[in-house]
Amino acid sequence: MRAFTFERAESPQQAAQAMASHKNAKFIAGGTNLLDLMKLEIETPAHLIDVNGLKLDAIAPTDEGGLRVGALVRNSDLAADAGVRKDYPLLTRALVAGASGQLRNKATTAGNLLQRTRCPYFYDTNQACNKREPGSGCAALKGVSRQLAIIGGSEACIATHPSDMAVAMRALDATVETIDAAGKTRRIAIADFHRLPGRTPHIETALMPGELITAVTLPRPVGGKQVYHKARDRASYAFALVSAAAILQPDGSGRVALGGVAPRPWRVEAAEAELPNGAKAVTEKLLAGASPTDQNAFKIALAERTLAGILSQARA
Ligand code: SF4
């Protein structure tokens, strides 16, 4: 690990100002992803800004009837919150599908959204990776791609976003709240938060340099039956090959989103009109235009079966 300097931020705006005044700085909260990346020298920040003391760890109702989740709420606390379990059970189910209990106790809401891909070539500094080193190439395109994206990728990168929580938040239409060094706040729809790679896979979100996430807001509860399922190579502590979130209403309408298939949580609202016609029809629209590799084409069938499973569970 490379040497770095360290400071504790005293307010959200001061944290953003500290970021703006240092070259190559990073915020640190739970550190469950960042510290691993620093040990491997994939991330080499010269300065760390600890945001753990910013009192952004409350879960509170909003005036609109929704829930405001502080950026520093730990994944375990969010999953266990009585209001979340009652009104947003999809979120609890997605959270407990992610990582291990120990990691969920440390990992934060904002950090979960910002975690980096688990593409094996991103973690191997001997391999070309446009995300780690812009312009160096992408070893995954001709390499082992079983875990990687089947849709939304580009010739520069086919990595997936690894979060389960973000898939549920996409289905729930969450909003990300931020603050910058000037104290200006911003609200970003989760649909616009994670970027597709295009030619710049190293730019992963809509955040501006130095912008700090302060909260994630969930809109009024939508009700319905909410189910999340994660298909993976082993039963725990593994990332999704495919995951699926569904919110199904009594009249047959609903929402669906997929994880493990794209560089961001994958939801296509137009596909949800096909819900009365079953999982195959939904999957065909959801994954229209998919361009899998020979090694991960199985994800299309797996997505359809995973969706069929959760829709039947929701209808039962
Ligand atoms: Fe890097 Fe993306 Fe290629 Fe993986 S798929 S090696 S993260 S550029």
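Met1 lies in the segment before strand 1 (5-8). The model is predicted. Met1 has a relative accessible area of 48%, so the residue counts as partly exposed; the exposed class needs over 50%. Together with Phe4, Phe6 and Leu35, Met1 makes a nonpolar surface patch of about 350 Å².

Next comes a sheet. Strands 9, 10 and 11 form an open sheet in the order 9-10-11, with antiparallel pairing. Strand 9 (225-231) and strand 11 each have a single partner strand and stand at the edges, so one side of each lacks a neighbour in the sheet. From one strand to the next, the twist averages 10 degrees.

Strand 9 and strand 10 (residues 242-248) run antiparallel and are joined by seven bridges. Within this pairing, His229 stands opposite Ala244 in strand 10.

Two helices meet these strands. Helix 5 packs on the sheet. Helix 11 lies across strand 9, strand 10 and strand 11.

| Helix | Residues | Strands | Angle |
|---|---|---|---|
| Helix 5 | 89-97 | touches strand 9 and strand 10 | about 15 degrees with strand 9 |
| Helix 11 | 298-315 | lies across strand 9, strand 10 and strand 11 | about 30 degrees to strand 10 |

Now to one residue of the edge strand. Ala257 is found in strand 11 (residues 254-259). Its relative accessibility is 0%, so Ala257 counts as buried; the cut-off is under 20%. Leaving aside residues up to four places away in sequence, Ala257 touches Val167, Ala171, Ser243, Ala244, Ala245, Trp266 and Arg267. Thr214 is 43 residues from Ala257 in sequence, and their C-alpha atoms are 25 Å apart in space.

Methods
Residues are numbered from 1 along each chain as its sequence is written. This is a predicted model: local features need pLDDT of at least 70, side-chain atom pairs count only at pLDDT 80 or more; totals for chains, interfaces and linings use all residues. Side-chain values use heavy atoms; hydrogens and water are left out. Helices (H or I, at least four residues) and strands (E, at least two) are DSSP runs, numbered from the N terminus. Buried means under 20% relative accessible area, exposed over 50%, partly exposed in between (1.4 Å probe, protein chains only). Contact means heavy atoms within 4.5 Å. Patches are made of residues with over 30% relative accessible area and no salt bridge: like charges are joined within 9 Å, nonpolar side chains (Val, Leu, Ile, Met, Phe, Trp, Tyr) within 5 Å. Accessible areas come from the Shrake-Rupley method with a 1.4 Å probe; for residues, only the protein chains shown count as cover. A salt bridge is a side-chain nitrogen of Lys or Arg within 4 Å of a carboxyl oxygen of Asp or Glu. Two strands pair if DSSP finds at least two bridges between them. Axes are lines fitted to C-alpha atoms, for helices over the stretch in contact, and angles run from 0 to 180 degrees between N-to-C directions.
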